[in-house]
Each structure stands twice: as structure tokens, then as C-alpha cells.
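This note is intended for a colleague meeting the structure for the first time. Please read the numbered points alongside the sequence and the coordinates.

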Amino acid sequence: MSTQIHKFVEEARAGTNPRVVCALQSGWLVMAQQQVLPGYCLLLPDPVVPHLNAMESNHRTRFLDEMAKVGDVLLGLTGAVRINYEMLGNAEPALHAHLFPRYANEVEELRTRPIWFYDWDSAPTFNLHEHESFMHSLRSSLISSQPGMVK
């Protein structure tokens with residue numbers, strides 16, 4: 001089966017996906033197309049698998065560990081109060097982890113609700129010129145704080 005996740009990973013391998021922050025041991029860290037909240041990223045496994053339970057144990061452990069370590073760095077860079085992690089796979093039946101920085105200054109009625117209640121259609125879209133500095137900082141912070149994790 002070919003999904004958007006497969007396409008994104010193929011583009012990352014080919015160097016044609018402008019949203020790639022870096023290659024990790026378990027896959028690819030990319031900025032999300034819709035920046036519903038600043039710093040929203042995705043972790044894409046490489047190779048792509050249908051869901052978390054389809055991964056071999058050691059690869060699964062690495063993927064989840066790297067997801068949390070990216071979250072640590074995102075907390076420091078964004079000033080977020082927490083990172084929400086989601087792996088759904090309902091619309092795109094291929095494993096991918098959403099990393100959503102959540103902020104104290106979010107609108108009151110949305111702050112404690114799932115991110116899916118936000119207006120995604122009016123969210124800012126990824127723009128390499130606007131996000132390049134953040135992507136560089138994220139990659140540099142991962143390299144310095146997590147030696148060996150970034151390929």
C-alpha cells in the first residue's frame with residue numbers, strides 16, 4: 001500500500017522534501033504542512049510500517065525513544081508547556097507520530113482540547129523561508145543534546 005507517509009519518506013530519501021529537519025536513526029523528522037501550532041512536527045519511520053505493533057522490538061524502542069527526545073528539544077526551543085504525542089493511523093494507515101507543542105497562551109476554550117478542534121484550514125502552512133531558522137535550530141539542538149541520534 002502506498003500512502004502519503006510512504007511518499008514523504010521517499011521524498012526525504014531523495015532529498016526533495018523541503019520539510020525535512022533531519023534523518024534520525026529510526027526515520028525522518030519533518031515539519032508539518034499545516035503549522036496549526038508553532039513547531040508542530042512529524043516523526044516518520046524508515047522503513048514505513050502500517051502501525052507501531054508491526055515494528056520489530058528494537059526499532060520500535062528506538063522510534064519511541066527518539067520521539068520523546070525530539071519532544072525534549074521542542075520543549076526547550078518553543079517554550080511550550082508540554083508536547084502532545086499522537087499516533088492515529090486512521091486516515092493514513094502508515095505509522096507516523098505527531099508532535100504538537102502546546103502553549104500556555106492558547107485560546108482558553110482550545111487549550112485543553114485535542115488539537116483536532118483547531119481550525120486547520122486557516123492554520124499557517126509550512127514555508128521554508130519562514131521556518132528554515134527554526135528547523136536549523138531544531139537540528140542543531142538534536143545534534144548537540146542527542147549525540148548519535150541524528151544521521
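1. Strand β5, residues 97-102, is mostly covered, with 6 of its 6 residues buried. Buried here means under 20% relative accessible area, exposed means over 50%, and partly exposed lies in between, with a 1.4 Å probe and protein chains only. From β5, A97, L99 and P101 point one way, while H98, F100 and R102 point the other way, and all are buried. Helices (H or I, at least four residues) and strands (E, at least two) are DSSP runs, numbered from the N terminus.

2. The model is a predicted one, in which local features need pLDDT of at least 70 and side-chain atom pairs count only at pLDDT 80 or more, whereas totals for chains, interfaces and linings use all residues. Residues are numbered from 1 along each chain as its sequence is written, and side-chain values use heavy atoms, with hydrogens and water left out.

3. Which strands pair with β5? Strand β3 (residues 41-45) does so in the antiparallel sense over 3 bridges, and strand β4 (residues 82-86) does so, also antiparallel, over 5 bridges. Two strands are said to pair if DSSP finds at least two bridges between them. On the β3 side, C41 has L99 of β5 as its bridge partner; on the β4 side, E86 stands opposite H98.

4. The chain as a whole has 4 helices and 5 strands, which follow the pattern α-β-β-β-α-β-β-α-α along the sequence. Its C-alpha trace spans about 40 × 35 × 30 Å along the principal axes. The radius of gyration of 15 Å agrees with the value near 15 Å for a compact globule of 151 residues; this quantity is taken over C-alpha atoms, and the globule rule is 2.2 Å times the number of residues to the power 0.38. Of the 151 residues, 45% count as buried.

5. The volume of the largest pocket is about 360 Å³. Of the 18 residues that line this pocket, Y40, L42, E92, H96 and H98 are the closest to its centre. A pocket is an open set of points on a 1 Å grid over the protein atoms alone, where a 1.4 Å probe fits and protein lies on both sides within 12 Å along at least five of seven lines; lining residues have an atom within 4 Å of a point. Grid points are joined across faces, edges and corners, and the volume is the space filled by probe spheres set on the points.

6. What is the make-up of the lining of the largest pocket, in nonpolar, polar and charged residues? The lining divides into 9 nonpolar, 7 polar and 2 charged residues. Ala, Val, Leu, Ile, Met, Phe, Trp, Tyr, Cys and Pro count as nonpolar, Asp, Glu, Lys and Arg as charged, and the others, Gly among them, as polar. Helix α1 (residues 4-14) gives the most to this lining, with 3 residues. E92 belongs to the loop between β4 and β5 and is partly exposed, at 23% relative accessible area. The C-alpha atom of E92 is separated by 9.1 Å from that of P50, 42 residues apart along the chain.

7. There are 5 salt bridges in the structure, a salt bridge being a side-chain nitrogen of Lys or Arg within 4 Å of a carboxyl oxygen of Asp or Glu. One of them joins D46 and R13, whose closest N and O atoms are 2.3 Å apart. This pair links distant parts of the chain, with D46 in the loop between β3 and α2 (57-78) and R13 in helix α1, 33 residues apart. D46 also precedes a cis peptide bond to P47, with omega near 10 degrees. Most peptide bonds are trans.

8. Salt bridges within helices should also be noted. K69 and D65 meet at 2.9 Å, N to O; they are 4 residues apart in helix α2, and therefore about one helical turn. K69 has a relative accessible area of 25% and D65 one of 35%. In helix α3 (residues 108-111), E108 and R111 are 3 residues apart, with their closest N and O atoms at 3.3 Å. E108 is exposed, at 56%, whereas R111 is partly exposed, at 32%.

9. Finally, C22 in strand β1 (residues 20-23) is buried, with a relative accessible area of 3%. C22 and K151 lie 129 residues apart in sequence and 7.6 Å apart in space, C-alpha to C-alpha.
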